[in-house]
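These notes are meant for a colleague opening this entry for the first time. Please keep the sequence and the structure in view while reading the points below.

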Amino acid sequence: MEKIIVQGGTRLRGRVKVHGAKNAVLPLIAASILASRGEISILDVPMLEDVKTITQMLKRLGVAVTLNEDNVVINAEKMISTEAPYDLVRKMRASVLVMGPLLARKKRARVPLPGGCAIGSRPIDLHIKGFEAMGVQFETGQGFIEGYVPDRLKGATIYLDFPSVGATQNIMMAATLAEGRTIIENAACEPEIVDLANFLNAMGAKVRGAGTDEIRIDGVDFLRGTEYTVIPDRIEAGTYMVAAAITRGEVFVEGAISDHLVPLIAKLREMGVHVLDGENGIHVRADGDLKPADVKTLPYPGFPTDMQSQMMALLLTAKGTSLLTETVFENRFMHVEEFKRMGAQIKIDGRTAIIDGGKPLSGAQVKATDLRAGAALILAGLAAEGITELTELHHVDRGYVDIVGKLRGLGAKIARVPVEEASHLKQKSFA
Ligand SMILES: CC(=O)N[C@H]1[C@@H](OP(=O)(O)OP(=O)(O)OC[C@H]2O[C@@H](n3ccc(=O)[nH]c3=O)[C@H](O)[C@@H]2O)O[C@H](CO)[C@@H](O)[C@@H]1O
Ligand SMILES: C=C(OP(=O)(O)O)C(=O)O
């Protein structure tokens, strides 16, 4: 077992490159199941734990998958199984995204119920309602749900009660091979939805309107292989932008797309951080005192919930009171208790965290309670006095490629060491 140790107090400087987006590549890999002819090649793939999990899932379904350094080659012509294995589904909620493609391609899907996770109960009722409208019949057994299509999937008009990212993606994928037109109303508008639509269209699908709240899909008879490059990770980019701001440093985040980061950029500027949109990236610089700000997470184009904990770390360093409201997940404040170990002054009132910022943070032993919380605690460690030790790194590994190496490249004093490393060796680890 390993931990990350961070010594705070260094201003970060330099250039960091963003990898391909985790939340874009997972649905792309699931969608590859839909290609009954030819080979799919996905480029700029971040080799994260989640990518390994979903590719293992495809292999267990009988799909041929080759993982290379930063690309994945998939051939689903001869897939054989329609049953997603529990040991993989429980590791990663995005596994439920194989359901739409399996129903479309094989007319059957048996998926263990993914259950809740640290950030909320995360039901899949909207996915199921959408599939049912398309003619899928479901049976629920102990711990699993099984759907089958008696005839052919039929296009339908589906209104989502909430613009769920996963439900929009699952329904969109199923609809590509359905008979007739599907319309998804109140659809999610995230850039990862647009990326999936572009990928499906490159495979021969007819998807229009992705990126707006109404997506129209005209079913086709089959999809084929293609080569596709995944979009840069806006949450990874945002994490490094906050790293620059929290250390009052100066960093160029290469590959960051400002159009995907509008609410974060607006809030950083409101706080007094200098953000410049450059060619192929974003330049971030901060000096001295920052101002507090109020932030509310919302579906895209609102402020992303996946940046909430990193933003909280930054607000802890801004003198005054900030309010941070989480509206997307009902339990995404697990990091608050960990921040408090570092001396943070935060009170929770329902879905709002009241942050009394500008008080010095001190290094402490903390644990990653989910993947973004892990990143946020590293950020807080960069701004704290003394040494912070972060455990439960499997969360961080789900979503960040080499976060330690990238931060070291910017001058951070950070290292990944075995958990049992003696205290007197810590200083040496930063050399
Ligand atoms: C792999 C991936 O892309 N994960 C992202 C995706 O997750 P995911 O697709 O799971 O998120 P959703 O947009 O579906 O969930 C948002 C909210 O809707 C609720 N809900 C969702 C589906 C449903 O059938 N019923 C229901 O009530 C959820 O419990 C949650 O409270 O979008 C989230 C919201 O931007 C991000 O935080 C995740 O990083
Ligand atoms: C919550 C996240 O991911 P997932 O939906 O895969 O749990 C995330 O990326 O912050």
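1. In this predicted model, a good place to begin is helix 4, whose buried residues are Met99, Gly100, Pro101, Leu102, Leu103, Ala104 and Arg105. Since 7 of the 8 residues of this helix (residues 99–106) are buried, it is largely enclosed by the rest of the structure.

2. What do the buried residues of helix 4 pack against? Their partners are three helices and three strands by name: helix 1, helix 5 and helix 6, together with strand 3 (35–37), strand 7 (108–112) and strand 9 (144–148). Just after helix 4, Lys107 adopts a positive phi of about 65 degrees.

3. Helix 1 (22–31), helix 5 (125–133) and helix 6 (165–175) each contribute at least two residues to the shell around ligand 1. Of the 21 residues around this ligand, Asn23, Leu126, Ser164, Val165 and Gly166 come nearest, and by class the shell holds 10 nonpolar, 6 polar and 5 charged residues.

4. Around ligand 2 the residues are Asn23, Arg93, Ala94, Asp306, Leu371, Arg372 and Gly399, which divide into 2 nonpolar, 2 polar and 3 charged.

5. Where does ligand 1 lie with respect to the domains? Domain 1 (2–19 + 232–429) and domain 2 (22–229) both give residues to its shell, so ligand 1 lies between them; ligand 2 likewise lies between these domains, because both supply residues to its shell.

6. As to confidence, the chain has a mean pLDDT of 96, with 97% of its residues reaching 70 or more, while the predictor assigns the complex an ipTM of 0.99 and a pTM of 0.97.

Key: Residues numbered from 1 in each chain as written. Chains lettered and ligands numbered in written order. Predicted model: local features only at pLDDT ≥ 70, side-chain atom pairs only at ≥ 80, totals over all residues. Near = placed C-beta within 6 Å. Helix = DSSP H or I, 4+ residues; strand = E, 2+ residues; numbered from the N terminus. Nonpolar A, V, L, I, M, F, W, Y, C, P; charged D, E, K, R; others polar. Domains from an automatic or database assignment. pLDDT = per-residue confidence, 0-100. Buried ≥ 20, exposed ≤ 12 C-beta atoms within 10 Å, placed from the backbone. Contact = placed C-beta atoms within 7 Å.
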